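Student: Could you pick one helix and walk me through how it sits among its neighbours? I'd like the details first and the wider picture afterwards.

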Amino acid sequence: MKRYLLLIALASPIAAAAAQEPIDSVLARFYAARWWQPAWLAPVGTSPAADALLALTATADRNGLNPADYLIPELESLVYGGRVRADRWRLDSLLTRTFLTYARDVSHGRVDPGAVDSQWTAAPSRIDLADLLERALAADDPEAVLRSIEPAQVGYLNLRAALWRYRDLAEQGAWPSDLASRLTVEGYDTTAGIQAAVRRFQALHGLVPDGKVGPVTRAALNVPAAVRAGQITLNLERWRWLPRSLGERYVVVNSAAFQLDLVENGAVTFSTRAVVGRPDWPTPIVSSRATHIVFRPVWRVPRAIAAQELLPLIRRDPTYLARAGIRVFGDSSRNGAELNPRTIDWHAVTESTFAYHLAQEPGLDNPLGAMKLVFWTPFSVFIHDTPIRSSFKELWRALSHGCVRIEDAPSLAARLLPSWPADSLHAALSTGRQRWVQLAEPIGVHLVYWSTWVTEEGLVAFGADPYGWDAKLARALEPQGALIP
């Protein structure tokens, strides 16, 4: 009878909340599997495993997390204050919740990206929290188990170390007033001259690297270290949305840096400038795998672009479609018969009634250029070449409809098809019709948004925030006690 009453007392509130919060569901499943026996209690007080868990969560800020999210006042009161037997059961369940919440946050992120912005996604979590908890208790070492699920990528580890550097700098007070000292304290080498150090600072802050300390550069120099630490915290969260393994070989596009990198065995082996989505049509945050390269691709014009941007051109110039090599089909699902565009009264077509599918053949005006890298996402975005070369000279390159245009597409194609002779690759890029080529092995593709990252020489870059997503993420984290100034 006593066990039955205990089961009802514990299970009822847990079961009531299980449908609302996954952590509660995992917690209920965990206790049901162990027949409601405590997990963290010793005959007197807490077990060493509980003490290790409390010590680890007390240092959650090393990962840009907030210890107050885990060491809640009720838990601290039960651990360090007097308690009756009934409180011991409450303490055990709170310790279990602390483990599960910390494990979820450090492995997968504190917020659900898609719930904040429809353009943000996270890799599916393959961590069974209940199984993880059982392993931690069986090993009597929750700290080791929890550390094993932290991101282990060099980019994350370097950024985490940088967080502590900037917190230390914040504790020292304002930046030095002397320019050379100001640059040196942040790690810039001034031995080659102040102007060279200023240029490097500007390049890592998305500014024109002219070596002159004008108002914009001065403003960047004066951003407090505590604010910089907050920016780092946001990007640590974004790292936690990625798969635990990015792959031995993968392509990463950082939209905030306007750059594509090919990473092989942990080293960047190829980089090229990129044009990414404009603020009203942003490149999403998503991970996928590329399977094919399409040479001389046909551009299947998205309906929104066709209706909003091409329709006015067609109305003004009846010859536009023919000159651009664009074919018209009678069904926006791409299954309709081809139509003669001269038989259509384009002035009677509106953006809302546009029901055609437009397809542009390969050619000099095709916006996909000579090739595109194909990978599936819910957003229908690709990485592709472009005939518009002038954009790559600009610092601000948020100019596309969401796809990623790259400056040196032929070199990327050559690296992804290493067995192809140079003449065969050149022919595929420059002549003939559309041609699909399967990659020997799929390659990971990660479209990310890192407004802060650590360079190879250990400097921290605070790049552009073209979509204003830093503020949006900060607001999403704020109710949960984020460490954002």
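Tutor: Here is one helix up close, followed by its surroundings and the rest of the chain.

A word on the basis: this is a predicted model, so local features need pLDDT of at least 70 and side-chain atom pairs count only at pLDDT 80 or more, while totals for chains, interfaces and linings use all residues. Residues are numbered from 1 along each chain as its sequence is written, and side-chain values use heavy atoms, with hydrogens and water left out.

Let's take helix 11, residues 194-203 (helices are DSSP runs of H or I, at least four residues, and strands are runs of E, at least two, numbered from the N terminus). Its buried residues are Ala197, Val198, Phe201 and Gln202, where buried means under 20% relative accessible area with a 1.4 Å probe, protein chains only. They share one side of helix 11, because they span an arc of only 140° around the axis, taken from the directions from the axis to the C-beta atoms. That fits the usual geometry: an α-helix has 3.6 residues a turn, so residues three or four places apart point the same way.

What does this buried side pack against? Helix 10 (179-185) and helix 12 (215-221). In helix 10, look at Arg182: its relative accessibility is 4%, so Arg182 counts as buried. Setting aside neighbours within four places in sequence, Arg182 is in contact with Trp175, Pro176, Phe201, Ala220 and Leu221 (contact means heavy atoms within 4.5 Å). So Phe201 turns up twice, as a buried residue of helix 11 and as a contact of Arg182.

Zooming out, the protein chain has 18 helices and 15 strands, and its C-alpha atoms fill a box of roughly 85 × 65 × 45 Å along the principal axes. Of its 485 residues, 48% are buried. Among contacts between residues at least 6 apart in sequence, 69% join residues at least 24 apart.

The largest nonpolar core has 50 residues, and Ile293, Phe295, Leu373 and Ile383 have the most contacts inside it. Such a core is a set of buried Ala, Val, Leu, Ile, Met, Phe, Trp, Tyr and Cys residues joined through side-chain atoms within 4.5 Å. Beyond its neighbours within four places in sequence, Leu373 touches several residues, including Ala290, Ile293, Ile383 and Val445. There's also a second, separate core of 38 residues, with Leu41, Leu53, Leu54 and Leu146 among them.
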